[in-house]
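I opened this notebook to record what I looked up in one protein structure. The entries follow the order in which I consulted the coordinates.

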Amino acid sequence: MAPAGQNLRINSARLWDSLEEMAKVGPGIAGGCNRQTLTDADAEGRALFQRWAEAAGMTMGVDTMGTMYFTRPGTDPDALPVYMGSHLDTQPTGGKYDGVLGVLGALEVVRSLNDAGIRTKHPIVIVNWTNEEGARFAPAMLASGVFAGTIAQDYAYARTDMEGLRFGDELKRIGWVGDEVPGARKMHAYFELHIEQGPILEAEGKDIGVVTHCQGLWWLEFTLTGREAHTGSTPMAMRVNAGLAMARIVEMVQAVAMDHQPNAVGGVGQMKFTPNSRNVLPGKVVFTVDIRTVDQAKLDSMRAQIESKAAEICADLGVGCAVEAVGHFDPVTFTPDLVTKVRGAAERLGYSHMDIVSGAGHDACWTARVAPTTMIFCPCVDGLSHNEAEKISPEWAAAGTDVLLHAALDVAGVDHDLAEDGHSADDGWNEPFFDKGAHAAFFPLKGELFQGSEVEYQEWLRS
């Protein structure tokens with residue numbers, strides 16, 4: 001027999017089947033996914049998730065940013081919900097698990113609670129945030145930012161993609177404009193399960209990352225204005241080359257990031273040349289610099305240096321330079337009590353774990369401003385993410401979801417009112433009891449569950 005609290009697990013095969021089924025929606029060209037936000041593929045993925053969540057007995061709400069909320073009722077009508085979730089949208093060449101694991105892992109938690117007949121005092125809500133990736137509409141974590149009150153909805157609705165299409169128009173087009181006011185919901189706690197998107201857990205041989213902090217970031221969008229000219233007939237000394245200015249800025253960003261080591265990163269991942277012809281010097285170049293660190297002073301210093309040095313580079317070349325901050329959040333410290341619960345769940349379940357800082361931004365960075373929040377990481381192969389070759393194992397997915405189950409259940413509280421002897425964990429009674437309705441024993445002092453038949457429970461007590 002397994003020790004108390006260590007044999008309540010999610011259905012790993014069902015979770016993996018759900019991940020693979022969702023990956024068929026908006027397939028990529030190399031085995032991954034292209035389910036960008038507010039596309040037809042996004043709408044199809046939302047509809048599939050809705051069918052699954054409603055089949056699990058949950059009811060749906062949608063806010064005016066298109067964020068989906070599915071509620072499993074609790075037994076205490078006055079208790080605030082425990083939220084779990086992440087996002088279903090992907091990069092243009094994204095993987096199957098980035099974000100999706102957090103949403104479908106939360107669904108598997110609810111399915112497993114249903115299987116076990118376990119009721120919680122607090123309601124449980126699964127959330128699918130709109131436009132976490134920011135690949136199509138900048139900034140990233142747009143809907144959760146509106147929820148947290150740090151981004152205005154009018155600003156969000158006015159965001160445009162590379163084709164000039166507006167966020168608000170596209171949300172309406174796919175039919176997912178809800179009627180709830182973002183941020184009107186109040187959270188007792190928020191948990192987000194996610195793949196690490198880095199190589200540390202795999203390299204260290206750890207099953208679980210206990211996320212303590214998240215790096216702050218700036219996304220700085222540069223618009224450089226030069227002069228279009230023939231690349232073959234324009235003398236080198238007579239060029240106003242916006243492309244050359246961009247190249248020097250890219251190299252400078254690398255140098256600034258290296259000067260702020262350790263624990264600082266910077267780079268350029270998106271750029272657009274106009275007119276983008278092989279024999280025309282660009283008249284305009286637009287690109288985004290991404291800088292991140294967990295240290296606020298370093299973050300401020302990196303931004304100041306990059307903007308100052310970029311202006312000098314452009315002035316030397318006669319190129320116009322404008323910069324707009326299109327994404328930002330300060331470094332985040334997750335709620336210590338919830339971090340402790342994640343760590344404790346991993347220990348009780350026998351999973352190896354380590355504390356870790358998130359290098360990527362997540363919706364949890366915004367919810368942390370309005371509610372107790374934490375995250376759980378599972379490894380990914382070679383740390384690869386935002387790539388169709390992104391890969392995790394069924395065992396890693398199951399371990400992360402098991403920890404999510406136990407940590408969230410610890411906070412949501414098991415309802416014991418149906419216990420045969422009438423005792424609960426709150427009445428000062430410290431002996432375990434077996435709840436026939438839930439087929440589970442509860443250990444009040446440890447906050448642990450034993451899942452199995454009453455016969456197995458009695459055998460365990462005698463062992």
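**Entry 1: Overall make-up**

I counted the secondary structure of the protein chain first, and it comes to 13 helices and 18 strands. Helices (H or I, at least four residues) and strands (E, at least two) are DSSP runs, numbered from the N terminus. I note that this is a predicted model, in which local features need pLDDT of at least 70 and side-chain atom pairs count only at pLDDT 80 or more, while totals for chains, interfaces and linings use all residues. Residues are numbered from 1 along each chain as its sequence is written, and side-chain values use heavy atoms, with hydrogens and water left out.

I then looked up burial: of the 463 residues of the protein chain, 55% count as buried. Buried means under 20% relative accessible area, exposed over 50%, and partly exposed in between, with a 1.4 Å probe and protein chains only. The chain exposes about 18800 Å², of which carbon and sulfur atoms supply 51%. These areas come from the Shrake-Rupley method with a 1.4 Å probe; for residues, only the protein chains shown count as cover.

For contacts (heavy atoms within 4.5 Å), I took pairs of residues at least 6 apart in sequence, and 77% of these contacts join residues at least 24 apart.

**Entry 2: Strand E15**

I asked how many residues of strand E15 are buried. Six of the six residues of E15 (residues 373-378) are buried, so the strand is largely enclosed by the rest of the structure. In a regular strand the side chains alternate between the two faces of the sheet. In E15, Thr373, Met375 and Phe377 point one way, and Thr374, Ile376 and Cys378 point the other way.

I checked the pairing next; two strands pair if DSSP finds at least two bridges between them. E5 and E15 are parallel and share six bridges, with His194 opposite Phe377 in E15. Strand E6 (residues 208-214) runs antiparallel to E15 and is joined to it by three bridges. Here Gly209 has Phe377 as its bridge partner in E15.

**Entry 3: Ile174 and its surroundings**

I located Ile174 in the loop between helix H6 (167-173) and strand E5 (189-195). Ile174 is buried, at a relative accessible area of 12%. Leaving aside neighbours within four places in sequence, I found Ile174 in contact with Leu38, Thr39, Asp40, Asp42, Ala43 and Arg46. Ala43 lies 131 residues from Ile174 along the chain, yet their C-alpha atoms are separated by 6.1 Å.

**Entry 4: Salt bridges**

I searched the whole structure for salt bridges and obtained 17. A salt bridge is a side-chain nitrogen of Lys or Arg within 4 Å of a carboxyl oxygen of Asp or Glu.

Two of the residues that touch Ile174, Asp42 and Arg46, form such a bridge, with the closest N and O atoms 3.3 Å apart. Arg46 and Asp42 are four residues apart in helix H2 (residues 40-55) and therefore separated by about one helical turn. Arg46 is buried at 1% relative accessible area, and Asp42 is buried at 3%.

I next recorded the bridge between Asp415 and Arg119, whose closest N and O atoms are 3.0 Å apart. This pair links distant parts of the chain, 296 residues apart: Asp415 is in the loop between helix H12 (394-412) and strand E16 (433-435), and Arg119 is in the loop between H3 and strand E4 (124-128). Asp415 is buried at 6% relative accessibility, whereas Arg119 is partly exposed at 35%.

The third bridge I noted joins Asp355 to Arg343, with the closest N and O atoms 3.1 Å apart. Asp355 is in strand E14 (residues 353-358) and Arg343 in helix H10 (residues 336-349), twelve residues apart. Asp355 is partly exposed at 40% relative accessible area, and Arg343 is partly exposed at 22%. I also found that Asp40, Arg136, Asp161, Glu170 and Arg173 are joined into one network by salt bridges that share partners.

**Entry 5: Arg111**

I closed with Arg111 in helix H3 (residues 100-116). Which side chain of opposite charge is nearest to Arg111? That side chain is Glu108, 4.3 Å away, and Arg111 is buried yet has no salt bridge. For charge, Lys and Arg count as positive and Asp and Glu as negative; His and the chain ends are not counted.

I did find a polar contact of 3.0 Å between the side chains of Arg111 and Ser18. A polar contact is a pair of N or O atoms within 3.5 Å; within protein, one must be able to donate a hydrogen and the other to accept it, and residues adjacent in sequence count only if both atoms are side-chain atoms. Not counting residues up to four places away in sequence, Arg111 touches Arg14, Ser18, Trp52 and Ala56.
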